[in-house]
Amino acid sequence: MCGIIGYAGFRDAAQVLMQGLLLLEYRGYDSFGIAIDTVTDLTIMKRVGRISDVKQSIICGAEDAENRGTVGIGHTRWATHGPPSDINAHPHSDCTKTIAIVHNGIIENYHTLKEKLISDGHVFSSETDSEVIAHLIEDVMYPKQNQGRKTLVEAVEIVTDMIIGSYAILALAQGTNEIVAVRCKSPLVLGLGDGEFLFASDMLPIIEYTDQVIYPDDGDIIHINQTGYYVHKRGGNKTGVPYNITTLTLSPQQVKKGGYPHYMLKEIYEEPEALYRSIRSITPDTLPKSLKDTQCITVVACGTSYHAGMIFSYMLEEATSKLVRLEIGSEFKYATSPVHGLLLAISQSGETADTVAAVKRGRCFNAESVAITNVLGSSITREADHTLLMHAGPEISVAATKSFIAQLGVLLQIVNCLHNEDFNNELTRVHQAIVPVLSLSFDTAVDLCMDAEHMFYVGRGVFYPIVMEGALKLKEISYIHAEAYAAGELKHGPFALLSSKTPVVAVCLPGSTYAVMIGNLKEMKARGTPLIVLGDPRSPELIELADHIIPIKPEGTMIDIFTTSVALQLLAYHIAAKLERDIDKPRNLAKSVTVE
Ligand code: M6R
């Protein structure tokens, strides 16, 4: 979690950092801050709350000419150690207040380091793990006896050997006009502009200035100033080691809201195109041979990506003789059975700590790995043997929507390619089939849910993971408690909770599960629950039973998976919009979960 940014160039660093932090806010938005090297001083401005809530002139000290500079670092926080507060906000500094650092990740051994530093006379201001980094750098740069002083670059290299954990760190020392960076298991991108260089947790703040980027390797120390970037391989040769430069194809326009009230809605409307791209990217030729040959696939993912994996497992096992084992990323490390065959890791961000760790763990069992991700150059792409990109385009809203649809596009096209017989390929037109769903009205359904504190989502077969995803979407953006169940399971306990105050959202489309779903819906109706059903509006049973039907044209499972998923995203969106929730940045959440 947390977003970091650094700028060295010719522009007003405060402005660049603040604009950039706004684009990184999806990574955490408890508090934020910037540090600017004004040469005569190191100015730190930080505070609790969201950047978007604060007048920029106050934060940047815009009226205050002394606070201007062209080199600086910034941070937007998702709290781990210490609650959100002005003090715990980054940047953190040392005792001399001439060194500032921003950090994304966790320093696991910070407690021991902090105790030692305190016993050596250091005074700490915050409760964070990150602050130790600034004091450690201070110790190395300004040793007590004033002998053997080191440069900032040397100090960062030495400190890197002392800290254990995951980190992307940017460090600044007053009057040096440079930023020193190091990463280990946390994302960092370096943008190479013309007379200006930027570090950031992802490319979003960089594309405004350049399309040329590099992805630093774990452990390398990199420093930038206005004239260039320099790479120091740790413990090795200190001359510049060139990286491959990647040219980004993203335009700054693509990361703007484009007239939509929320990124989430914009991203849902981008789904037909994202789906088209994702499906087209997979052909029998682009699939790794190991994926085609293996008999067993272990799928590992978290949250929404896990739901996509679950849908994949239903569909693959139905269409082929392959076996799928499905694991939640955070639980995979406790599973003792070995990984047979291939490991398939699904992660929009490519940075989810548990999913990335799963890929590494798979290696212990000699399992080849395939990562499905949306982010080129992300950590998972470095760990996995093969990468399949989902081509969703940038997703800013914390709630995953178009990336889920694009994941399904990739995964179901894989099923398609692995299918033994000639498949009647519904996927060629599915991107068109979801278009009408975008213009459905959700007003009646929203009204039925307005006063609910608890809701249930039910489905059967492959529609069970679909309702799981629908319920996750609702709870994360509306804060209404929503539980998803396989429809047959409600009778085994949750029925005790049903009443006229617990609306049930059900997916009930013609097919093998239809008759038994109708039976389940009748049982629920008998308990007085309002029923909102995604189904065929011509279906007589639904007309009789449902309080409201969200009309979905039945077109076969491959297409129904997508149309119902989009409808459930929109239902959650419209409920949250009517409740006036902070849809793109729900409380307590961050988009990429880079800690265990
Ligand atoms: O980037 P990832 O796909 O690995 O993220 C996994 C989850 O954190 C993510 O899907 C989360 O559940 C969504 N933001 C929910 O909308």
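Which residue has a backbone N or O atom 2.7 Å from an oxygen atom of the ligand? That residue is Gln348. The model is predicted, with pLDDT of at least 70 needed for local features and 80 or more for side-chain atom pairs, while totals for chains, interfaces and linings use all residues. Residues are numbered from 1 along each chain as its sequence is written, and side-chain values use heavy atoms, leaving out hydrogens and water.

Two other backbones join in: a backbone N or O atom of Val398 sits 2.8 Å from a ligand nitrogen, and one of Ala400 lies 2.9 Å from a ligand oxygen. On its own the ligand exposes 410 Å², and the protein buries 90% of that (Shrake-Rupley, 1.4 Å probe). Around the ligand there are 14 residues (a heavy atom within 4 Å), with Ser305, Ser347, Ser349, Thr352 and Glu476 coming nearest. By class, this shell splits into five nonpolar, seven polar and two charged residues.

As for where the ligand goes, the space it takes is the second largest pocket (more than half of its atoms lie within 2 Å of the grid points). A pocket here is an open set of points on a 1 Å grid over the protein atoms alone, where a 1.4 Å probe fits, with protein on both sides within 12 Å along at least five of seven lines; lining residues have an atom within 4 Å of a point. This pocket has a volume of about 600 Å³, counted as the space filled by probe spheres set on the points. Of its 24 lining residues, Gly303, Thr304, Ala590, Lys591 and Val593 are closest to the centre.

Note on methods
A polar contact is a pair of N or O atoms within 3.5 Å; within protein, one must be able to donate a hydrogen and the other to accept it, and residues adjacent in sequence count only if both atoms are side-chain atoms. Ala, Val, Leu, Ile, Met, Phe, Trp, Tyr, Cys and Pro count as nonpolar, Asp, Glu, Lys and Arg as charged, and the others, Gly among them, as polar.
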